[in-house]
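Visitor: Could you walk me through how to read a few features in a model like this one? I would like the general idea, then the case at hand.

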Amino acid sequence: MKQYHVGQLNFPDPKEVVAEIGLAERNNNDEPYGYTHEFEQELSTRLRVKNVIAVGNGTYALMIALKALNLKGEIIVPSFTFVATIQAIIWSGLKPVFCDVEHESHMISTNTVRAKITQNTVAVMGVHLWGSHCYNDDLASLCEKHNLTLLFDAAHAFGSETHEGSIAQYGQMACYSFHATKILNAAEGGCIATNNDAFAERVKNLVYDNDDFLNVRMSPMQSAIGRLSLREYSNNAAHNKASYFRYINKLCECRSLSVVECSTTLKESNYQYLVIEIKLNSGFNKLDLMKYMRKKGILIRDYFSPPIHKLNFAEKYISAEDDLSNTDNLSQCLVQFPIGQKIRLDDIDWICDQVLSFEKSLLTY
Amino acid sequence: MTQEKRTLSDLAINGGVSLFSREKTENSAVDSEKLSFFVNKIYERGIFTNDGPIVRDLESKLEKVHGCRFCIVTSNASIALVLTLSAFKSCKGDEVIIPEIYYASFLDIVQWAGLKPIIAKCCPSRGVIETSELNRLTTSKTVAVLAINHATHLCALDDLESYSDAAGIPVILDSVRAFGMTHNSRVLGTFATAEVFSLSSEKVVQGAQGGYVSTNSEKLYFQLKSLRNFGFEGLHRHSDNFGLNAKLNEFHAARALIGLDRVQSQINHYQALTVLFIKSNCHFNHMRFLAPDIHINSPCDHVFLILKTPGGTDAQSKLARVLTSENIKLGKHYLKHYPSGCYWPEYSVNISVKHINDEESALKLIKLVQFIDKNFEQILLNKTSATKSIS
């Protein structure tokens, strides 16, 4: 039975990969990290940001960025995120303070952040979800007023742009992931993007010049795969966009769920996530849907369930008064569907037919 | 133009032609046919990372190499040390005893693990921690000892084992420079509670990047598997455990497997070259190549040039600059003088043998060292030209 995976799985041509790895390793001999620096330049151009520093994975990007900021204290962060966001904060010696997200956007807002600011707060880490973003001028003003560093986990949002420009320009920095399931794939990998030259220098020093520090560098091999993937970015994003609208068109008939749509402030998105929200009281059960679809080889996944504040290691960062009700609700009703290069438009038609059949079977019952 | 050094002005640092070309000292290129085989496998399976089959194959081969029950590969060796140390963090304490002779990143590694380094004095002649010092520093807060196996000699493994058994404190060995070494004819990898090795392109296996932990402890194995993958266990994508992303991807694992296939012939080759270096010692007055302990089967991928004549770190730095300008690749760790720690050997430079790589080049290097040795006092005095060339 054919299986339909979530995750991008955009693999550059294997012959090109082998040739490019050879080239990368030769170039790196001529100039240490020379090939990786070329990749960083290309990323900088693509992200329209002055400085990019590539590292071994997205978690390292967050850890190094936080280390370079040299902060001590509390950092406000949503619980509705991938576990790496919170783990990076803890590894960096900071204390995560969970704030709720907006039910509509699934992301933090000025209101949810404001409620959590104390005298111990030193930073706010927003998480751009589903190829969209959570920046706005009010949030930046709030952080400025309280002298807080604003930074973003942009693992979901490579290439996304608002009408004002790239989302990489927002806050002190944005940290990206090039995991194999992302639209930009370096097998593993990540980067820190920033317009702040002084901060970029501190990050570069930690990554490239400091023997006393952890080795978090991106290898020439990863850079080679990443560069090839970057060359295919526009085609892959276009394919995702077509797939996204196909899902919207096909699933508009479905009364029990809806496709989570991109923010209207976006000019461009990578459309690398196709997230479905199950409507409350619709009779649809997330786990039943997942079980039904898995039997058909459609490997849909729930996101982010359970939310981080419900995990044992995070318990000590939460108190009984914390209201994370939107986070709790969303973790019950969001599922990710297959999208990416391996998923053709007729695959999507078939997948959507299965969803409609499932709904029909519930209604009949 | 000749590369042979007849006068001081022939030295590259003084404007002469470098003894080696950059190409000559480049990393061994990957065998593209072998790499293609693995890349095709990766594509067939559609698995680029996340504990893939090539990673598991690599782990199983490494377990055979070391004769240990478990090997857990990670994205690099420093993170392998962080994870291993953090596995021993407990409510009882947070102190880790480390030797005063440590690699540059040691303090940082201990701190990332959320622990506190307690620095132990080392025996001056061998640069290793002795049991009496360990006993002196061990408190109720001690959670582990982190010791180093050097490139030329091992730490006091039997003493550490006895200490660990008696005190009930786990000992972790940094063996990143000790791949293939033996103690009492037993290959390293099963000494102490856990050992950490490197798969970096600079080390003898010549992977792309990576590290691993060898251990016989099943409990530690499962802890590390979970820690390297965000605390996840098995196929579950959420977990109550703490962790981070320290996964080795399938491409890096493939590169390490290719390196592992040829590692023994590579070691034999390095050892033969090292014999040439050691034999040449009789020609030098101010320096000598350091012989690795003959009982430990050192991979000899680095050779240490020791200054016999006092000259301090200035002489060490000058020698390093002269060699670097001849396009000789040096190990970084021994170039810096560390204010809080000291290195062993104190006044040495660390030459990467893999960048010399054949007998002809080894003989050229020996001849160069002979020239430097003969003119050493003048080279030390010749501050202006050396500084100028470096700048």
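Guide: Happy to; we will go through helix packing, backbone geometry and cavities in turn. Please keep in mind that this is a predicted model.

Visitor: Let's start with helices. How is a packed pair described?

Guide: Two packed helices are described by the angle between their axes and by the distance between those axes. Take chain B, where helix H9 (residues 263-279) packs with helix H11 (residues 359-374) at an angle of about 25°, the axes being 10 Å apart.

Visitor: Which orientation do H9(B) and H11(B) have to each other?

Guide: Angles under 35 degrees count as roughly parallel, and H9(B) and H11(B) are therefore roughly parallel to each other. Their crossing is right-handed. On the H9(B) side, Leu273(B), Leu276(B) and Phe277(B) make the contact, and they meet Glu359(B), Ala362(B), Leu363(B), Leu365(B) and Ile366(B) of H11(B). Sorted by class, the contact of H9(B) with H11(B) has seven nonpolar residues, no polar ones and one charged.

Visitor: Where could I look for a left-handed crossing?

Guide: Try H2(B) and H8(B), whose crossing is left-handed. Helix H2 (residues 53-66) of chain B and helix H8 (residues 250-261) of chain B pack at about 35°, with axes 8 Å apart. From H2(B), the contact includes Pro53(B), Ile54(B) and Leu58(B), while the residues from H8(B) include Ala253(B), Leu257(B) and Leu260(B). The class count for this contact is ten nonpolar, no polar and three charged.

Visitor: And what does chain A offer for the angle and distance of H3(A) and H4(A)?

Guide: The axes of H3(A) and helix H4 (residues 83-91) of chain A come within 9 Å and cross at roughly 35°. This crossing is right-handed. Thr59(A), Leu62(A), Met63(A) and Leu66(A) in H3(A) meet residues of H4(A), among them Ala88(A), Ile89(A) and Trp91(A). Here the contact divides into seven nonpolar, two polar and no charged residues.

Visitor: Now the backbone. What should catch my eye there?

Guide: Most residues other than glycine have a negative phi, and most peptide bonds are trans. Asn70(A) is not a glycine, yet its phi is positive, at about 55°. You will find Asn70(A) in the loop between helix H3 (58-69) and strand E3 (74-78) of chain A. As for peptide bonds, the one from Ser305(A) to Pro306(A) is cis, with omega near -5°. Pro306(A) sits in the loop between strand E15 (301-302) and helix H11 (325-333) of chain A.

Visitor: Last, how many cavities of 30 Å³ or more does the structure hold?

Guide: There are seven. The largest cavity contains about 60 Å³ of space.

Visitor: Which residues line the largest cavity?

Guide: Both chains appear in the list: the lining includes Gly56(A), Tyr60(A), Glu188(A) and Gln222(A), along with Ser75(B), Lys247(B), Leu248(B) and His252(B). By class, the lining has two nonpolar, six polar and two charged residues.

Technical notes
Residues numbered from 1 in each chain as written. Chains lettered and ligands numbered in written order. Predicted model: local features only at pLDDT ≥ 70, side-chain atom pairs only at ≥ 80, totals over all residues. Heavy atoms only, no water. 1 Å grid on protein atoms, 1.4 Å probe; cavity = no way out; pocket = protein on both sides within 12 Å on 5 of 7 lines; lining within 4 Å. Points joined across faces, edges and corners; volume = space filled by probe spheres on them. Nonpolar A, V, L, I, M, F, W, Y, C, P; charged D, E, K, R; others polar. Axes fitted to C-alpha atoms, helices over the stretch in contact; angles between N-to-C directions. Helix = DSSP H or I, 4+ residues; strand = E, 2+ residues; numbered from the N terminus. Parallel < 35°, antiparallel > 145°, perpendicular 65-115°, else oblique. Left-handed = near helix turned anticlockwise from the far one by under 90°. Contact = heavy atoms within 4.5 Å.
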